[in-house]
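Subject: Structure for your review

Dear colleague,

Please find below the structure that I am handing over to you. I should be grateful if you would read the notes beneath alongside it.

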There are 2 protein chains.
Amino acid sequence: MTVPAPAVETSAEQLVERHRATLDAAVAAIAERGWWSPYAEVPKAYGENALAEGRAAFEAYLGTPFPLDQLGTLEQVGDERSPYGPRLGVTYPRPDVDVLLAAMREAIPAWRDAGAEQRAAVVLEILARLNARSAEIAEAVMHTTGQAPAMAFQAGAPHAQDRALEAVAWAVAEMRRIPSDALWVKPQGKRPPLRMHKRFTVVPRGIALVIGCNTFPTWNGYPGLFASLVCGNPVVVKPSSRAILPLAITVAVAREVLAEAGFSPDLVALAAGRADERLAAELALRPEVRIVDYTGSTGFGEWLEREARQAAVFTEKAGVNTVVIDSTDDYAGMLANLAFTLSLYSGQMCTTTQNLLVPAGGIETDQGPKTFEQVGADLAAAIDGLLGDVGRATAILGAIVSPAIAERLERADTLGDVVLASRRIEHPQFPDADVRTPALVAVSGPQAPAASEEQFGPIALLVPTGSTAESLATLRRTVREHGAITAGVYSTDEAVLAATEEVALEVGVALSANLTQGVYVNQSAAYSDFHGTALNPAANASLADAAFVAPRFGVVQSRRHVEEEG
Amino acid sequence: MTVPAPAVETSAEQLVERHRATLDAAVAAIAERGWWSPYAEVPKAYGENALAEGRAAFEAYLGTPFPLDQLGTLEQVGDERSPYGPRLGVTYPRPDVDVLLAAMREAIPAWRDAGAEQRAAVVLEILARLNARSAEIAEAVMHTTGQAPAMAFQAGAPHAQDRALEAVAWAVAEMRRIPSDALWVKPQGKRPPLRMHKRFTVVPRGIALVIGCNTFPTWNGYPGLFASLVCGNPVVVKPSSRAILPLAITVAVAREVLAEAGFSPDLVALAAGRADERLAAELALRPEVRIVDYTGSTGFGEWLEREARQAAVFTEKAGVNTVVIDSTDDYAGMLANLAFTLSLYSGQMCTTTQNLLVPAGGIETDQGPKTFEQVGADLAAAIDGLLGDVGRATAILGAIVSPAIAERLERADTLGDVVLASRRIEHPQFPDADVRTPALVAVSGPQAPAASEEQFGPIALLVPTGSTAESLATLRRTVREHGAITAGVYSTDEAVLAATEEVALEVGVALSANLTQGVYVNQSAAYSDFHGTALNPAANASLADAAFVAPRFGVVQSRRHVEEEG
């Protein structure tokens with residue numbers, strides 16, 4: 001199944017017809033949880049010239065004010081610099097919050113009254129147009145996040161659209177459970193029954209705020225954005241100051257479709273801030289803002305959870321992702337899989353493994369027993385081998401997204417014994433790009449301070465444990481205290497796999513067992529994998545489940561007596 | 001349909017068979033939202049001697065330690081006094097919180113692994129046994145809340161059981177959306193597809209805390225209690241110190257069924273506190289406590305929302321319920337309906353109307369135009385007429401639940417001009433019962449301070465407005481700023497009804513239009529009426545919807561490669 005091409009005619013009724021099959025298939029997919037997607041993940045599916053046209057569209061934005069005709073714009077702001085080098089020079093509306101939020105609130109009743117099916121159809125049309133512009137968005141993602149081109153295309157465009165559609169499907173499934181009306185007839189013994197007609201209306205909570213992150217502005221931002229919108233809430237998008245463009249394009253497309261379908265474009269707006277203001281915090285505390293979606297640091301996430309009490313707050317924060325290595329019957333496959341996981345996007349993913357727990361006495365493998373030191377050396381060699389070719393290395397690593405990550409990497413040797421030092425790689429095409437290979441550091445043991453906090457970026461820790469039993473105890477403690485989005489285990493022993501699964505259930509973290517092929521622990525597939533569990537400190541929400549969507553609307557009922565029909 | 005009688009054999013598998021039809025009917029009922037119930041609301045359905053046996057069972061508790069064999073009991077505490085007079089003299093376990101919570105946490109894995117269907121069957125068996133003991137629970141509710149016997153029976157037993165089953169049905173419907181496993185097969189062009197097997201497990205958040213209220217310990221406490229339990233969470237019940245017994249019986253029944261079905265009885269426990277400790281607050285901040293359900297004052301509710309950040313917090317707080325009176329074609333019916341609403345349980349309900357908004361210039365009725373003063377006088381006469389007979393009066397009013405409410409009533413004349421003074425009624429059977437008729441007070445207008453805060457208890461305010469338009473503006477402002485669980489409107493003009501409905505949608509409050517028959521604005525029917533919207537300050541949750549149940553569990557997945565079947 002593929003997504004329909006963008007509509008020529010865009011009345012809401014026409015859009016319902018147009019997108020019904022895709023929506024119903026998405027609702028089925030989240031229940032079945034097999035592989036499914038309407039959005040092709042390979043660029044060639046978008047036409048022979050798609051990439052070139054996408055690049056041209058991206059370049060046309062550079063050095064100009066981004067075209068957005070929002071109300072209440074005070075000035076144009078923005079100072080994005082590509083991790084690949086050049087400054088983008090694009091500027092965006094900085095809003096008069098009072099004016100912008102008032103306009104957004106005024107747009108609610110008509111959008112609410114359109115009902116779930118029409119809203120879903122409009123949202124699917126927005127996603128269809130975003131899909132058609134995948135190459136342009138990929139280029140914007142690449143030059144704001146530092147992702148390599150292939151990853152920026154997949155994760156930034158079709159996979160982000162998948163995560164959006166998945167969240168929309170959950171929301172639609174929930175809204176479809178609310179009947180529009182009901183006849184309530186209560187028996188009264190010998191007296192005539194009481195009869196009431198009741199109307200039920202899905203009502204949005206209010207204005208939703210999406211606070212974008214630097215590394216995955218679309219993939220992490222879309223689920224909340226589109227789930228809120230389909231439930232009837234206007235959405236104000238406050239991007240990271242380093243990654244505005246992908247979300248600006250998204251907002252522009254959403255406004256275009258909303259207007260064409262007869263709704264207020266102010267249902268979706270961009271809010272870019274100045275460096276000297278705290279616009280995200282200001283918006284999050286506004287009484288009109290009733291939903292906040294956030295991905296980023298634990299500090300600001302916890303501040304939002306504590307302070308934005310007028311809102312339902314969905315956060316994804318820091319964690320310490322852990323893999324337990326007990327034994328393997330595919331040593332080479334394990335090393336290759338881990339090497340790729342640690343290298344992909346320089347480990348700048350909330351799902352990248354940080355701590356590798358290995359018994360100090362070594363492990364059994366299909367290549368014979370391996371000491372702790374040998375496992376470290378072999379993993380280092382696997383990483384070196386994977387990244388030996390500059391072209392392949394830059395295609396996997398991308399660029400370091402921020403100076404803070406580069407600085408953390410510079411200090412990696414203070415965390416323990418360096419097993420593999422990070423190298424800088426000269427990017428053949430972008431000489432200013434800061435491209436680095438991962439550092440592999442052996443720490444003293446599970447109690448080492450470095451193993452108990454997130455080292456975001458290309459730093460992985462080899463942690464010696466007394467035994468696999470201690471590894472599991474460490475996994476339990478690490479996830480319970482510090483949180484995690486992912487966990488992994490390698491073992492040939494079903495009892496160890498079962499024990500690891502029991503720990504994963506106990507502390508609430510997604511587990512991948514014995515990944516040796518073309519799936520990696522840091523990959524999460526829409527419609528199938530739950531990203532985050534909301535059960536440990538790394539995230540209070542999961543992408544996507546009922547708890548992620550249901551608080552975005554309420555039900556208001558109206559009832560009155562009715563006479564029996566004659 | 002009626003609920004099966006309590007089981008003789010109680011293996012979890014047998015209970016699944018036994019209760020499947022009731023559970024499936026409940027799941028269907030919450031989607032259809034017509035009238036439905038498996039629990040008979042009239043005492044005679046429970047046998048000729050049910051009431052006498054219930055009273056005897058209640059009396060057997062008096063003056064004794066309540067039979068609960070919980071771990072970690074430090075001492076027996078309790079000093080309940082019936083609003084009808086006598087002290088109960090029952091004592092309950094005051095827990096060593098560390099010991100109790102540790103035992104509860106240990107009970108989680110087996111309960112989690114039983115799965116949603118077995119847990120639901122056990123919960124339905126608990127509800128069936130509670131149902132069979134409805135008369136006993138009604139007696140306990142009457143003598144802790146001051147509700148009159150008929151109301152204590154209905155609201156305290158079958159209707160509370162309905163609200164429990166409704167919440168369980170929502171939770172089961174959500175858990176059934178999570179498949180136990182899935183095969184994920186992703187095409188890879190000409191290469192063989194990627195194939196993974198994924199297991200999905202519903203995992204409880206942790207220990208749930210139910211903080212009971214004085215007026216509706218079962219009706220308001222059951223939805224959170226049983227929704228948490230069916231999702232796999234142990235539940236610690238901290239009752240109001242004035243209304244322990246109904247929840248103690250509930251806990252005892254739950255423990256009995258859990259043990260018979262092979263689970264730890266520690267999955268449900270009672271925690272009674274001493275007057276000199278803040279046990280509810282202490283429990284709410286424990287890291288093991290991951291869910292809090294609370295009904296009560298806005299002050300403590302907001303404290304919980306702010307401080308108990310490790311938990312999902314569901315609160316129902318104060319509100320200012322409002323009825324807009326524009327016109328009526330059944331003046332007598334309107335007055336009778338309002339008189340009953342204001343009198344029922346002395347207005348000690350979170351759903352009782354407080355503010356009656358009437359144009360100062362009067363209203364049109366089927367009995368001709370009525371001035372503001374005449375409406376007040378006629379409503380006063382309707383209340384007087386309804387409560388003229390002592391037997392009927394006590395059967396409707398019940399008793400004042402706490403001295404604070406009696407004191408507020410004493411000061412009602414400071415709020416405005418008294419249109420109808422509250423009277424004390426001597427209860428023929430319980431001379432110490434504090435029985436009072438409602439006070440009706442005319443305030444100066446919508447801006448009067450009294451109209452902007454909850455006057456919990458039998459105090460209603462007649463509020464003159466410049467017009468129905470001002471009434472609607474007042475309704476909007478009142479609900480937005482102070483919250484409400486219910487709103488009502490009387491009008492013969494469909495445009496006014498539509499405008500009121502628009503306000504209700506805008507501020508998020510349930511609306512009843514032109515109630516003149518045997519349904520009252522303060523009544524909320526399980527499976528059909530949503531109690532609270534979570535959209536205004538009176539409650540951050542609704543009984544019951546997806547948002548009320550979905551955060552009580554997460555999904556933990558485990559995935560691994562699988563080969564193609566040969």
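The notes that follow cover the chain arrangement, one helix packing and the aromatic pairs.

This is a predicted model, in which local features need pLDDT of at least 70, side-chain atom pairs count only at pLDDT 80 or more, and totals for chains, interfaces and linings use all residues. Residues are numbered from 1 along each chain as its sequence is written, chains are lettered from A and ligands numbered from 1 in the order in which they are written, and side-chain values use heavy atoms, leaving out hydrogens and water.

Chain arrangement. A turn of 180° with a shift of 0.0 Å along the axis lays chain B on chain A with an RMSD of 0.0 Å (least-squares superposition on the C-alpha atoms of residues with pLDDT of at least 70 in both copies). This is the relation of a two-fold axis. Of the interface residues of chain B, 99% are also interface residues in chain A, so the copies meet through the same surface (contact means heavy atoms within 4.5 Å).

Record. UniProt, in an unreviewed entry, lists residues 95–497 of chain A as "domain: Aldehyde dehydrogenase"; such annotations may be inferred rather than shown by experiment. This span is 44% helix and 21% strand, and its end C-alpha atoms lie 53 Å apart (helices are DSSP runs of H or I with at least four residues, strands runs of E with at least two, numbered from the N terminus).

Helix packing. In chain A, helix α4 (residues 108–132) packs against helix α8 (residues 222–230) at an angle of about 145°, the axes being 8 Å apart (axes are lines fitted to C-alpha atoms over the stretch in contact, with angles from 0 to 180 degrees between N-to-C directions). Among the contact residues are W111(A) and R119(A) in α4(A), and Y222(A) and F226(A) in α8(A).

Aromatic pairs. The whole structure holds 26 aromatic pairs over all chains (ring centres of Phe, Tyr and the six-membered ring of Trp within 6.5 Å; planes under 30 degrees apart are stacked, over 60 edge-to-face, the rest tilted). Y222(A) and F226(A) form an edge-to-face pair, 5.3 Å centre to centre with 90° between the planes. They are four residues apart in helix α8 of chain A, about one helical turn. Y222(A) is buried at 0% relative accessibility (under 20% is buried, over 50% exposed, partly exposed in between, with a 1.4 Å probe and protein chains only), and F226(A) is likewise buried at 0%.

With kind regards
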